[in-house]
Amino acid sequence: MRKYTEQWDDLKSRCAHVLQTNQPRAEVLKKLPFVYTCPAREQGAYLPQWLWDSCFHAMSYRWTDPETGWNELQSLFVHQVTEGPEKGMIPHMAHLDENHAEADQSLFQQKNRSVFTQPPLVAAAVIAVYEKSPEKTILESLFPKIMAYHRWFENRRDPENNGLSAIIHPWESGWDASQRWDSILGLRDNSEKALKILAEKRKSMVRTILEKQCDAKKLAASGEFYVKPVDFNAIRAADLEALSQIAAILNKPESVIKSLNSRAEKIRRAIREHMLEERGGRLTACDLAGAEQKKSPRESAAKFILLYGKCVSGDQARLLRDELEDSAGRFSPSYRVPTTPTDDSRFNGKEYWRGNIWLSVNWLIYKGLRSYGYNREAVRLAENSLDLVEKSGFCEFFDPVSGQSGMKFGKKCPQNYGWSTIVLDMLGDCIGDC
Ligand code: GLC
């Protein structure tokens, strides 16, 4: 780690450069109320704003330019839904119109935004930026909006009222093409052709969602994609806790703070009750699929994100740590952490979400290890993430076997990707504390 701590200033300026070069073009910027950062501009495909990407961007900006970090986060609320049944929802993609994103506009039948969300780590990002730049007025203005967002989950995405939130499209998970969704979507084989058909299906699913007014209950009842994912819910528990910290900073009534924490606890309890299994000395975590909430047996790195949400007991955390640290194990090819384990019959470390490393996911696991006091393990994961950037640059995602850039249908993924700068937050955290 020493090697990297000595390179702190250099890494900071490289990350600042990646983020800065991904800001929208001047003609777009002048139409925006706040500056945001495109995930990547190089292939012209990632020009709008994406929800969880921006949370990661903000957590990198906090080290280089916190003011832009605040802009990034404020921009997320510009197209938050303010009325109707979806009131409170923050869209996973926004600012479509300024970017002339016509295909997306016609897909979502909306001028400016998509019709569903992404993993909710917005309160966590807000607190992280606030730590470096304590702007109480901005915090105060965002608080009711984040409250409305979390209420929306409870009103619209938990018809069973068991504390767990459902997603209605794989895009909401952020793990778009993961094997986790294969059997639910009826993917029979792992060929490029089948994966391409599935990519088209993800688009056509949007039409059905619109026909059912984005109503999770109706979608579940008619057998459409309806899943309560492990990691998404762990992230939401952590976010409610972060929101309670915001409430405390703003001197909100004790009852508000308490209720936020108890909502986070409800999620944690539900995860332990419905999703976890211990088998052969390993902890398995299952997504729950369909109206019957059937446990999906497919293993993935999502279970390590339970640490981020503080969702497991100390003993269960140890099992996760042991599996993660097992150098001969299925989550440890040359680099870590592949989102799909290497013993999955459909593992493919090169192809988009079929077993790659995403530094956003590594950051969630890093933070989780730290929450349980596994500091040395966290530092090792940070180091491994920095090794990837040193070897291959700021790729969108990486092949865990070669450490090189990942591929999407035979094409290299973008190489100047915003959220891969999240290594800066890991390194900053290590320097501050380890
Ligand atoms: C891809 C990823 C998603 C991410 C988006 C923008 O769709 O699967 O998680 O938010 O790109 O980077």
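A polar contact here is a pair of N or O atoms within 3.5 Å. Keep that cut-off handy for the first view of this predicted model.

**View 1. Three side chains reach the ligand's oxygen atoms.** In D53, a side-chain N or O atom sits 2.6 Å from an oxygen atom of the ligand. For W353 the distance is 2.8 Å, again between a side-chain N or O atom and a ligand oxygen. W52 joins in too, with 3.1 Å from a side-chain N or O atom to an oxygen of the ligand. On its own the ligand would expose 310 Å², and the protein buries 96% of that.

**View 2. Meet the shell around the ligand.** There are 13 residues around the ligand, and D53, G174, D176, W353 and Y417 come nearest. Sort the shell by class and you get 8 nonpolar, 2 polar and 3 charged residues.

**View 3. The ligand's home is the largest pocket.** The ligand takes up the space of this pocket, which has a volume of about 930 Å³. Its lining counts 39 residues, with Y46, W171, D176, Y352 and K408 nearest the centre. Helix α10 gives the largest share of that lining, 7 residues. The lining splits into 22 nonpolar, 4 polar and 13 charged residues.

**View 4. Now for the second largest pocket.** This one holds about 500 Å³ of space. It is lined by 20 residues, and A124, Q245, Y308, W363 and K367 are the closest to its centre. Helices α4, α7, α12, α15 and α17 each chip in at least two lining residues. By class, that lining has 8 nonpolar, 3 polar and 9 charged residues.

Note on methods. Residues are numbered from 1 along each chain as its sequence is written. This is a predicted model: local features need pLDDT of at least 70, side-chain atom pairs count only at pLDDT 80 or more; totals for chains, interfaces and linings use all residues. Side-chain values use heavy atoms; hydrogens and water are left out. On a 1 Å grid over the protein atoms alone, a cavity is a set of points where a 1.4 Å probe fits but cannot get out, and a pocket is an open set with protein on both sides within 12 Å along at least five of seven lines; lining residues have an atom within 4 Å of a point. Grid points are joined across faces, edges and corners, and a volume is the space filled by probe spheres set on the points. Helices (H or I, at least four residues) and strands (E, at least two) are DSSP runs, numbered from the N terminus. Ala, Val, Leu, Ile, Met, Phe, Trp, Tyr, Cys and Pro count as nonpolar, Asp, Glu, Lys and Arg as charged, and the others, Gly among them, as polar. A residue is near a molecule or strand if one of its heavy atoms lies within 4 Å of it. A polar contact is a pair of N or O atoms within 3.5 Å; within protein, one must be able to donate a hydrogen and the other to accept it, and residues adjacent in sequence count only if both atoms are side-chain atoms. Accessible areas come from the Shrake-Rupley method with a 1.4 Å probe; for residues, only the protein chains shown count as cover. A molecule sits in a cavity or pocket if more than half of its atoms lie within 2 Å of its grid points.
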